[in-house]
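Here are my notes after a first pass through this one. Have the structure open beside you as you read.

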Amino acid sequence: MPKAAITATGHYVPPDVYPNAWFEQRLDTTDAWIRSRTGIAERRFASEGGASDLALPAARRCLEMRGIEAAALDCIIVATMTPDRPIPSTAAILQAKLGAINAWGFDLAGACSGFVYALVTATKLVEGGAARRVLVCGADRMSSVVDPTDRATAVLFGDGAGVVLVEMSEDDEVGVFEHVCHMDGEGATALYVPAGGSLIPADAESVAQRRHFVVQDGATVFRAAVVGMAEVIAELLKRADLTLEDVAWMVPHQANRRIIEAVARRLGLPLERVVINLDRYGNTVAATIPLCLSEWHDDGRLAYGDRIVLAAFGAGFTSGAVYLRWAIGA
Ligand code: UT7
């Protein structure tokens, strides 16, 4: 069976660093609380631009790594919950900025599972012959939808982007092997933005009531994330006929270090084989997993042939996991 593979990566975070101390001066919170309850020490916030402006430098690095021009792309998928605008898609805006004149594309709204959903979609487009080279972007400017006065959410998120290129693998040993995706819409109001869509369009009242910001029942999402992520990984391993001993790296969505530790504990996976960078970036939503992959690749920590499990859980509730073998660096 022909397989698609990730053949290049890139990431970008804005230059301005906001340590926990920045919030201590503005909100009733402490560095100690944020570190101990979330594992986050700092995050980046963009001072201007939209999700496309975060994705653009990441996409350019990805193309540069692969040594191809943007015109060689035939599809762009942008996973995001903070599109530049409701229309056109951020994919279209990015296509123009990149000069990817031969690419079609679309945005994918999967919140924290957006990148996993987009990677699965791209894999199937490539394997089915509908596209040869798909640029899969996870990009979120969370600072545009988080209430800076709400200590329960303001400290959790950051801005960033991660991008991978998906194309046919010429090598049977590597590529995307298996996936599991789920959704449970009963969790829809545990993590949501109340207004700004077709249900409650923006008006003076919705703005005055601060209904355009993320609302989260943290404890409910926390419990659902631990169970959901552990279950989706266990299902993936079973489907792929893998044991945890086979897995070189687990790359979980980066929302909370305690969620990641609890999932690893449930599975019996040592933390040394779990990729964690949320201490430096916070929760960048659709960007967390590709940001981890790109950073770990750049640091030389991913080797050709490594068995890697990606796992995500987020608003919806959505969840998903992917098993792949690293195709770069042969
Ligand atoms: O990306 C996928 C979706 N998101 C997630 O996966 C996030 C899931 N949830 C979480 O990560 C955690 O639930 C949080 C980090 C959001 C909260 O941690 P927690 O340990 O579940 O705290 P809590 O919500 O149970 O709140 C405990 C206390 C509360 O005070 P009271 O009511 O006990 O007096 C909060 O008001 O901590 C308080 N609190 C804070 N205190 C200091 C909440 N935020 C802060 C803060 N600083 N920033």
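1. Let me start with His 253, which sits in the loop between β11 (249–252) and α9 (257–267). Keep in mind that this is a predicted model. With a relative accessibility of 3%, His 253 counts as buried. Its side chain makes a polar contact with the side chain of Thr 288, at 2.8 Å. Leaving aside residues up to four places away in sequence, His 253 touches ten-odd places worth clicking through, including Cys 112, Met 229, Asn 283, Ala 311 and Phe 313.

2. Next, the helix that follows that loop. At the start of α9, a side-chain oxygen of Asn 256 comes to within 2.7 Å of the backbone nitrogen of Arg 258. Further along, Ile 259, Ile 260, Ala 262, Val 263, Ala 264 and Leu 267 are buried, and the buried residues of α9 pack against α8 (218–239) and β11. After α9 comes Gly 268, with a positive phi near 80°.

3. The other histidine I'd look at is His 297, in helix α11 (residues 288–298). Is His 297 buried or exposed? It is buried, with a relative accessible area of 17%. The side chain of His 297 makes a polar contact with the side chain of Trp 326 at 3.4 Å. His 297 also touches Thr 9, Met 65, Leu 302 and Ile 328. In the case of Ile 328, the two residues are 31 apart along the chain, and their C-alpha atoms are separated by 8.7 Å.

4. Now the overall layout. The chain splits into domain 1 (4–168) and domain 2 (175–325), and the contact takes 51 residues from domain 1 and 46 residues from domain 2. The C-alpha centres of the two domains lie 14 Å apart. About 3,700 Å² is buried between domain 1 and domain 2, with carbon and sulfur atoms giving 65% of that area.

5. What holds polar interest across that interface? There are 16 residue pairs in polar contact between domain 1 and domain 2. On the side of domain 1 that touches domain 2, α5 (114–127) gives the largest share, eight residues. The residues of that side divide into 26 nonpolar, 16 polar and nine charged.

6. How many salt bridges cross the interface of domain 1 and domain 2? Just one is found there. Arg 210 and Asp 147 form a salt bridge, with their closest N and O atoms 2.9 Å apart. Asp 147 lies in the loop between β6 and α6 (151–154), and Arg 210 in the loop between α7 (204–208) and β10 (215–216), so the pair ties together parts that are 63 residues apart in sequence. Asp 147 counts as buried at 9% relative accessibility, while Arg 210 is partly exposed at 40%.

7. A few other charged pairs deserve a look; the whole structure has 13 salt bridges. Glu 173 pairs with Arg 325, the closest N and O atoms being 3.9 Å apart. Glu 173 is in the loop between β7 and β8 (175–183) and Arg 325 in strand β13 (residues 318–325), so this pair joins parts 152 residues apart in sequence. Glu 127 and Lys 124 also meet in a salt bridge, at 3.2 Å; they are three residues apart in helix α5, which means about one helical turn separates them. Finally, Arg 66, Arg 133 and Glu 167 are linked in a network of salt bridges.

Methods:
Residues numbered from 1 in each chain as written. Predicted model: local features only at pLDDT ≥ 70, side-chain atom pairs only at ≥ 80, totals over all residues. Heavy atoms only, no water. Domains from an automatic or database assignment. Contact = heavy atoms within 4.5 Å. Buried area = accessible area lost by both parts, 1.4 Å probe. Salt bridge = Lys/Arg side-chain N within 4 Å of Asp/Glu carboxyl O. Polar contact = N/O pair within 3.5 Å; in protein donor to acceptor, adjacent residues only side chain to side chain. Helix = DSSP H or I, 4+ residues; strand = E, 2+ residues; numbered from the N terminus. Nonpolar A, V, L, I, M, F, W, Y, C, P; charged D, E, K, R; others polar. Buried < 20%, exposed > 50% of the residue type's maximum accessible area, 1.4 Å probe, protein only.
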